[in-house]
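Hello,

Here is the structure I promised to pass on to you. Have a look at it first, and then read on for what turned up in it.

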Amino acid sequence: MKRLSLSDYQALAEFRYQIRKFLRFSEQAVRETGLEPGQYQLLLAIKGMPEGVRPRIREVANRLQIQHHSAVELVNRLEAGGYVRRERAEDDRREVLLALTPKGERVLGELALHHHNELRSAAPSLVAALRRLMPE
């Protein structure tokens, strides 16, 4: 088994630091809108669902890596706040799909643009930290 060198530990620590900086920015930006970080992540998961994947609770829970009941609770809170809605699928009325409301679209759009800009700013440091982890 290979042992890690001091520089390996430093590279891991730097990468973790850069990720944490971005996550802290994200948490603060989201909370300023009155949402919780998990709620923003759920909105983003619905909007950014891969092509061919239907936005159902199961898929959202998987994308967020949370339990099904936790995803249901997030959806319930966002629905109560007017950010998401549940709707029956056209092709199978038994299936419940998640959709963003206009309010959810607006808030997500603002937050995602803010996150995109921050990532563009943080990208050089993140990429450099990742490159240190992947020596050629």
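A good place to start is Met49, which touches Arg54, Pro55, Glu59, Val60 and Arg63, leaving out residues up to four places away in sequence. Please keep in mind that this is a predicted model.

**Around Met49 and Arg63**

Met49 sits in the loop between α2 and α3. Is Met49 buried or exposed? Its relative accessibility is 12%, so Met49 counts as buried, the cut-off for buried being under 20%. Val60 is 11 residues away from Met49 along the chain, and the C-alpha atoms of the two are separated by 8.4 Å.

Arg63, one of the residues that Met49 touches, belongs to helix α3, which covers residues 57-64. Arg63 has a relative accessibility of 47% and therefore counts as partly exposed. Apart from its neighbours within four places in sequence, Arg63 is in contact with Ala45, Gly48, Met49 and Pro50. You can also look from Arg63 to Ile46: these two are 17 residues apart along the chain, with 9.3 Å between their C-alpha atoms.

**Helix α2 and the core**

Next, the nonpolar core. The largest one has 26 residues, and Leu35, Leu42, Leu43 and Val84 are those with the most contacts inside it. The elements that give two or more residues to this core are α1 (6-32), α2 (37-47), α3, α4 (68-80), β2 and α5. Which element gives the most to this core? That is α2, with 5 residues. As general background, nonpolar side chains in soluble globular proteins tend to be buried together.

The buried residues of α2 are Pro37, Gln39, Tyr40, Leu42, Leu43, Ala45 and Ile46. The cover over these buried residues includes α1, α3, α4, β1 (84-88), β2 and α5. Two residues of the helix show what this looks like close up.

- Leu43 is in contact with Leu35, Leu78, Tyr83, Val84, Leu100 and Leu108, leaving aside its neighbours within four places in sequence.
- Gln39, also in helix α2, has a relative accessible area of 9% and is therefore buried. Its side chain reaches the backbone nitrogen of Glu36 at 2.8 Å. Not counting residues up to four places away in sequence, Gln39 touches Leu74, Arg77 and Leu78.

**How α5 packs against two helices**

Two packed helices are described by the angle between their axes and the distance between the axes. For α2 and α5, the axes come within 10 Å and cross at roughly 95°. That angle makes α2 roughly perpendicular to α5. By class, this contact has 6 nonpolar, 1 polar and 2 charged residues. On the α2 side they are Tyr40, Leu43, Leu44 and Lys47, which meet Glu105, Leu108, Leu111, Ala112 and His115 in α5.

And how do α1 and α5 pack, at what angle and how far apart? The angle is about 175°, and the axes are 9 Å apart. So α1 is roughly antiparallel to α5. The residues of the contact of α1 with α5 divide into 14 nonpolar, 7 polar and 4 charged.

**Two loop residues to look at**

Thr101 lies in the loop between β2 (96-100) and α5 (102-133). With a relative accessibility of 12%, Thr101 counts as buried. A polar atom of the Thr101 side chain lies 2.5 Å from the backbone oxygen of Gly82. Gly82 is also among the contacts of Thr101, together with Tyr83, Val84 and Arg85, when neighbours within four places in sequence are left aside.

Gln65 is found in the loop between α3 and α4. Is Gln65 buried or exposed? Its relative accessible area is 65%, so Gln65 is exposed. Most residues other than glycine have a negative phi. Gln65 is not a glycine, yet has a positive phi of about 60°.

If you would like a route through the model, begin with Leu43, one of the residues with the most contacts inside the core, and follow its contact with Leu108 across to α5. From there, move on to Thr101, in the loop between β2 and α5.

Enjoy exploring it, and best wishes!

Technical notes
Residues numbered from 1 in each chain as written. Predicted model: local features only at pLDDT ≥ 70, side-chain atom pairs only at ≥ 80, totals over all residues. Heavy atoms only, no water. Helix = DSSP H or I, 4+ residues; strand = E, 2+ residues; numbered from the N terminus. Buried < 20%, exposed > 50% of the residue type's maximum accessible area, 1.4 Å probe, protein only. Polar contact = N/O pair within 3.5 Å; in protein donor to acceptor, adjacent residues only side chain to side chain. Contact = heavy atoms within 4.5 Å. Core = buried A, V, L, I, M, F, W, Y, C linked by side-chain atoms within 4.5 Å. Axes fitted to C-alpha atoms, helices over the stretch in contact; angles between N-to-C directions. Parallel < 35°, antiparallel > 145°, perpendicular 65-115°, else oblique. Nonpolar A, V, L, I, M, F, W, Y, C, P; charged D, E, K, R; others polar.
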